[in-house]
Amino acid sequence: MTMLPRRKRLGDLLIEAGLIQEQQLNKALEVQKRTGERLGKVLINLGYITEERIIEVLEFQLGVPHLDLMSLHVPREVAALIPVSLAERYQVVPVQKEGKIIKLAMVDPTNYYAIEDVRMVTGCEVQPVIASERSIMQIINQSFGVQDLVDKVVDKLRPEDVALISELETADDAPIISIVNSIIAQAVKNRASDIHIEPLDKSLRIRFRIDGVLREISTFPKHIHPAILSRIKIMSSMDIAEKRLPQDGRIKIQEFGRDIDIRVSTLPTITGEKVVMRILDKQTVILNVTGLGVSKANLPKFRQLYSQSYGMVLVTGPTGSGKSTTLYSVLADVNAPGMNIITVEDPVEYRLEGINQVQVNQKAGLTFANGLRSILRQDPNVIMVGEVRDTDTADIAIRAALTGHLVFTTLHTNDASGAVTRLVDMGVEPFLVASSVLGVVAQRLVRTICSDCKQKYFLPPDAPERLFLGVEKDTQIELYRGTGCPRCDYTGYRGRMAIHEIMVVSPQLRDAINKRLSSDEIKVIAMQEGMTTMKQDGIDKVFQGLTTIEEVIRVAYSGL
């Protein structure tokens with residue numbers, strides 16, 4: 001066993017290397033007593049040192065090699081040589097086993113007690129290697145959880161065991177049911193918005209979309225794919241025998257004491273049917289205008305748009321940019337006993353008390369256009385159209401806005417000015433667009449910095465991000481970022497908020513629309529009239545410490 005001197009502590013090593021001072025160590029030790037966090041984490045959070053420098057010192061002073069786990073495949077059976085409780089307590093994970101020797105990735109290789117506990121549990125000699133906290137925790141998260149259930153039943157689900165699949169409808173304790181339920185439960189627990197079940201050539205990959213980013217959770221043996229697929233189809237009332245065509249379904253379950261709606265979509269691919277499950281959890285969505293992240297400068301403009309008695313308000317952005325949440329929040333705000341509010345949606349994502357919601361049914365002939373025509377005969381005050389997909393729907397929605405109705409709808413455009421030119425491109429006359437559209441709200445979702453590990457830092461004078469922010473080299477810039485912690489799964493982010501671009505259609509803009517000016521020309525006029533672009537709104541939220549430069553660039557301005 002590789003033995004490290006028990007008295008060779010991290011704080012002593014860092015002082016010897018001249019990287020921290022004794023008073024800094026004493027302060028860190030005081031914080032450690034209060035919080036119970038490991039010393040290295042406290043020193044990083046206090047801004048005394050970076051994780052990279054700690055790794056360099058440990059590697060040089062102790063002769064313990066540094067391992068980049070992100071470029072290494074760690075077999076789950078190796079990681080699982082120790083209990084998950086032990087792995088999380090000490091932030092260690094076995095990454096290799098040769099005979100009776102375990103290579104153990106550790107955040108702090110001076111932790112003698114961790115090494116001894118792993119040796120006692122495994123009965124093997126331990127060779128420590130250094131790895132970052134984030135990479136170790138990612139390996140732990142990928143190696144434990146729902147994967148345990150798969151390992152227990154994998155031998156029972158050989159390709160020839162097709163009889164088990166037919167038992168799924170009646171056998172409530174069937175192993176495959178436990179696997180599917182565990183996947184859903186883990187996704188809800190992790191605040192995932194989507195579950196991706198993807199058949200690859202030789203395996204089945206499970207990924208969750210958390211805060212807008214896909215993360216691989218685990219991989220399963222390929223031969224259990226038909227059983228999982230069949231179970232999901234049964235739960236969502238799909239045709240279990242249909243494998244050649246895409247299908248859509250819906251699941252209603254209770255998880256952690258609350259109702260969860262799940263939209264399910266299957267898609268045949270060359271490696272098998274892929275499944276995407278959209279999780280609609282009302283408790284994770286705040287349906288009020290103040291919770292949308294609209295800035296103080298934009299909020300009066302936003303309220304002005306939906307406080308009108310008639311006209312059209314457009315919300316634009318790509319899929320997954322929070323358009324539906326914005327519309328639902330507005331409807332909840334304007335909802336009152338004296339208002340008749342009717343929506344036509346595909347699909348109805350959240351059910352709102354006191355609002356009449358209509359589900360599009362293409363097979364029955366109930367389209368957005370047909371539904372909208374019928375709504376106009378129902379004496380509405382406010383109409384919400386889930387999406388303007390064609391000229392017919394756009395024309396009816398605009399005429400409704402011109403005849404005394406307040407209409408909310410969505411479009412897929414990159415910015416606010418592009419929405420009005422998009423309507424014209426769809427065949428709507430410019431004078432109708434200019435007369436009906438009150439304004440456009442364009443938005444994107446950015447991840448917010450985790451409040452538990454939020455840390456202040458100063459932007460270096462030569463940082464290329466200064467060009468994006470529009471600040472000079474000699475200007476001191478104080479920003480924030482997340483260092484990574486268990487609460488945010490070591491990403492530095494937890495939750496999302498919107499950045500907005502709100503364009504109120506003024507007389508000058510109406511004139512520009514009538515003249516068929518380009519979206520760029522319309523945008524210039526809107527900016528001259530005081531419109532804040534999404535880029536500037538994102539930058540303002542970076543300076544407020546709500547998100548990071550990297551996140552704003554990633555979401556809305558990649559490559560610029």
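1. A quick definition to start: a salt bridge here is a side-chain nitrogen of Lys or Arg within 4 Å of a carboxyl oxygen of Asp or Glu. Keep in mind that this is a predicted model. With that in hand, look at D117 and R89: their closest N and O atoms are 3.8 Å apart, and the two form a salt bridge. D117 belongs to helix α7 (residues 112-122) and R89 to helix α6 (residues 84-90), so this contact ties together parts that are 28 residues apart in sequence. As for the surroundings, D117 is partly exposed at 27% relative accessible area, while R89 is exposed at 53%.

2. How many salt bridges does the structure hold? There are 24. Another one to find on screen joins R303 and D333, with 3.5 Å from N to O. This pair also links distant parts of the chain, since R303 sits in helix α13 (residues 299-306) and D333 in helix α14 (residues 323-334), 30 residues apart. Both ends are partly exposed: R303 has a relative accessible area of 31%, and D333 has 39%.

3. Now try a salt bridge inside one helix. E551 and R554 meet at 2.6 Å, N to O. They are three residues apart in helix α23 (residues 549-556), so about one helical turn separates them. Here's the general idea behind that: an α-helix has 3.6 residues a turn, so residues three or four places apart point the same way. Is E551 buried or exposed? At 1% relative accessibility, E551 is buried, whereas R554 is partly exposed at 38%. Salt bridges can also share partners, and that is how E198, R205, R207 and K274 are joined into one network.

4. On to the rings. The structure has two aromatic pairs. In one of them, the ring centres of Y112 and Y113 are 6.0 Å apart and the planes make an angle of 75°, so the pair is edge-to-face; the cut-off for that label is an angle over 60 degrees. Y112 is buried, with 19% relative accessibility, but Y113 is exposed at 53%.

5. The other pair is F302 with Y306. Their ring centres lie 5.5 Å apart with the planes at 75°, so this pair is edge-to-face too. The two residues are four apart in helix α13, which puts about one helical turn between them. Both are buried: F302 has a relative accessibility of 4% and Y306 has 5%.

6. Rings can have charged neighbours as well. R447 lies over the face of Y493, 4.1 Å from the ring centre. Over at Y480, the charged end of K454 sits above the ring, 5.0 Å from its centre.

7. Last stop: helix α11, residues 175-189. What span should its 15 residues have at 1.5 Å a residue? The expected value is 21 Å, and the end C-alpha atoms are indeed 21 Å apart, so the two agree. Plenty of names turn up when you look for buried residues in α11, among them I176, I179, V180, I183 and Q186. After the helix comes R191, which has a positive phi, near 65°.

Definitions and conventions:
Residues are numbered from 1 along each chain as its sequence is written. This is a predicted model: local features need pLDDT of at least 70, side-chain atom pairs count only at pLDDT 80 or more; totals for chains, interfaces and linings use all residues. Side-chain values use heavy atoms; hydrogens and water are left out. The expected span of a helix is 1.5 Å times one less than its number of residues. Buried means under 20% relative accessible area, exposed over 50%, partly exposed in between (1.4 Å probe, protein chains only). Rings of Phe, Tyr and Trp (its six-membered ring) pair if their centres lie within 6.5 Å; planes under 30 degrees apart count as stacked, over 60 as edge-to-face and the rest as tilted. A charge sits over a ring if NZ of Lys or CZ of Arg is within 6 Å of the ring centre and within 35 degrees of the ring normal.
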